[in-house]
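Work through the exercises below with the coordinates open. Try each task before you read its solution.

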Amino acid sequence: MSNQYEVLGKAPVAEDLKKLSPSNVHLNIKNLNAGYGKMEILHNFDLFVSKAQSLCLIGPNGAGKSTILHSIYGFTNIFSGKIEIDGKEITNLTPAEKLKSVGIAYILQDNSVFPDMTVEENLLMGGYIKDKTEESFQEAKRILEKYERLRNRRNQPAKVLSGGERRLLEISRALVMKPSVLLVDEPSIGLEPKYIEMVFEILDDLQKNEKKTIILVEQNAKKGLEFADIGYVLVSGQTAIAGKGDELLENPDVGRLFLGG
Ligand SMILES: Nc1ncnc2c1ncn2[C@@H]1O[C@H](COP(=O)(O)OP(=O)(O)OP(=O)(O)O)[C@@H](O)[C@H]1O
Ligand SMILES: [Mg+2]
């Protein structure tokens, strides 16, 4: 399976990646070796992303895309290397500390709403870790004011929501903590086209209007690269190609391997 990717040539180095995020880097991964147990999945991995930038990871199944998000959030074994926010090392903070102190939120790949709790209760669960519950209430209120689809169902159990509304609730729940970085694994998975559009519009609004930094993994490479400022093509735990999202859409190797062209 890996042979078809061998043609991709010389991998970009840290300086090349840095050029894609010229203004002050918000999140930076340096020379990371990480995996599960003793197994190393990511090899000498680097990543740069600025405040209010979006970066999309694409690549074959098993390349290590989710493992990058897991490593940022704190679910992997980190053998060496560093992860920094605004130049401050956060490599060994727990997920709870990352959520609370540096504002990194992780939106899971699989369905994670509580089906029997109401939409509003689900939202408030996003703030369970906050010391000041009043802040969570304020933020949940703001979110309900913003999203009519959730507001209309605030007192209904989450199980009545459609797939797209559920994804909206999953994203919104992460927002209750007012994170500066959103890690989003496969936002479009299992959704029909109109909901895929909706999810990307929401992410676009969060990036442009709320200045969130977004790192997403997307199986739908075309959608992901159209959305994101930066794209990294991950193969076997290393970045094989990196560029601006629209440049990668024009890249013939990317087209042939990931866009069905
Ligand atoms: N919790 C885990 N424990 C052990 N190995 C894992 C774990 N999660 C993932 N792996 C392994 O790490 C490798 C990379 O997996 P990862 O989930 O990061 O791939 P991916 O690029 O996200 O793939 P997909 O497109 O299928 O989601 C795979 O070989 C996988 O089997
Ligand atoms: Mg994955």
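A residue counts as near a molecule if its C-beta atom, placed from the backbone, lies within 6 Å of it. The model is a predicted one.

**Exercise 1. The shell of ligand 1**

Task: List the residues around ligand 1, then sort them by class.

Solution.
- Step 1. Apply the 6 Å cut-off. The shell holds Tyr 36, Ile 41, Gly 59, Asn 61, Gly 62, Ala 63, Gly 64, Lys 65, Ser 66 and Thr 67.
- Step 2. Sort them. Three are nonpolar, six are polar and one is charged.
- Step 3. Assign the elements. Helix α2 (residues 65-73) gives the largest share of the shell, three residues.

**Exercise 2. The sides of helix α5**

Task: Check the length of helix α5 (residues 133-146), then find which of its residues are buried and which are exposed.

Solution.
- Step 1. Start with the length. The 14 residues of α5, at 1.5 Å a residue, should span 20 Å. The C-alpha atoms at its ends are 20 Å apart, so expectation and model agree.
- Step 2. Pick out the buried residues. They include Ser 136, Glu 139, Ala 140 and Ile 143.
- Step 3. Look down the axis. These residues cover an arc of only 100 degrees, so they sit on the same side of α5.
- Step 4. Recall the helix rule. An α-helix has 3.6 residues a turn, so residues three or four places apart point the same way.
- Step 5. Turn to the other side of α5. Glu 134, Lys 141 and Glu 145 are exposed there.
- Step 6. Find the cover. The buried residues of α5 are covered by elements including α4 (119-125), α6 (148-151) and α7 (163-175).

**Exercise 3. Strand order in a sheet**

Task: Work out the strand order of the open four-stranded sheet and name its edge strands.

Solution.
- Step 1. Pair β1 (residues 25-36) with β2 (residues 39-50). They run antiparallel and are joined by eight bridges. Gly 35 stands opposite Glu 40 in β2.
- Step 2. Inspect the hairpin of β1 and β2. Two residues lie between the strands, and Gly 37 takes a positive phi near 60 degrees.
- Step 3. Pair β1 with β4 (residues 77-85). Seven bridges link them, again in the antiparallel sense. Asn 28 has Glu 84 in β4 as its bridge partner, and Ala 34 stands opposite Ile 78 in β4.
- Step 4. Write the order. The sheet reads β2-β1-β4-β5, with antiparallel pairing. Its edge strands are β2 and β5 (88-89), since each pairs on one side only.

**Exercise 4. Positive phi outside glycine**

Task: Compare phi and burial for Asn 31 and Asn 44.

Solution.
- Step 1. Set the baseline. Most residues other than glycine have a negative phi.
- Step 2. Take Asn 31, in strand β1. Its phi is positive, near 50 degrees. Asn 31 has 12 C-beta neighbours inside 10 Å, so it counts as exposed.
- Step 3. Take Asn 44, in strand β2. Its phi is also positive, about 45 degrees. Asn 44 has 16 C-beta neighbours inside 10 Å, so it counts as partly exposed.

**Exercise 5. The surroundings of Ser 54**

Task: Is Ser 54 buried or exposed, and which residues does it touch?

Solution.
- Step 1. Locate Ser 54. It is in strand β3 (residues 54-58).
- Step 2. Count neighbours. Ser 54 has 25 other C-beta atoms within 10 Å, so it is buried.
- Step 3. List contacts, leaving out residues up to four places away in sequence. Ser 54 touches Gln 207, Ile 214, Phe 227, Ala 228 and Asp 229.
- Step 4. Compare sequence with space. Ser 54 and Leu 216 are 162 residues apart in sequence, yet their C-alpha atoms are 7.7 Å apart.

Terms used. Residues are numbered from 1 along each chain as its sequence is written. Chains are lettered from A and ligands numbered from 1 in the order in which they are written. This is a predicted model: local features need pLDDT of at least 70, side-chain atom pairs count only at pLDDT 80 or more; totals for chains, interfaces and linings use all residues. Ala, Val, Leu, Ile, Met, Phe, Trp, Tyr, Cys and Pro count as nonpolar, Asp, Glu, Lys and Arg as charged, and the others, Gly among them, as polar. The expected span of a helix is 1.5 Å times one less than its number of residues. A residue is buried if 20 or more other C-beta atoms lie within 10 Å of its own, exposed if 12 or fewer, and partly exposed in between; C-beta atoms are placed from the backbone. The arc is that of the directions from the helix axis to the C-beta atoms. Two residues are in contact if their C-beta atoms, placed from the backbone, lie within 7 Å. Two strands pair if DSSP finds at least two bridges between them.
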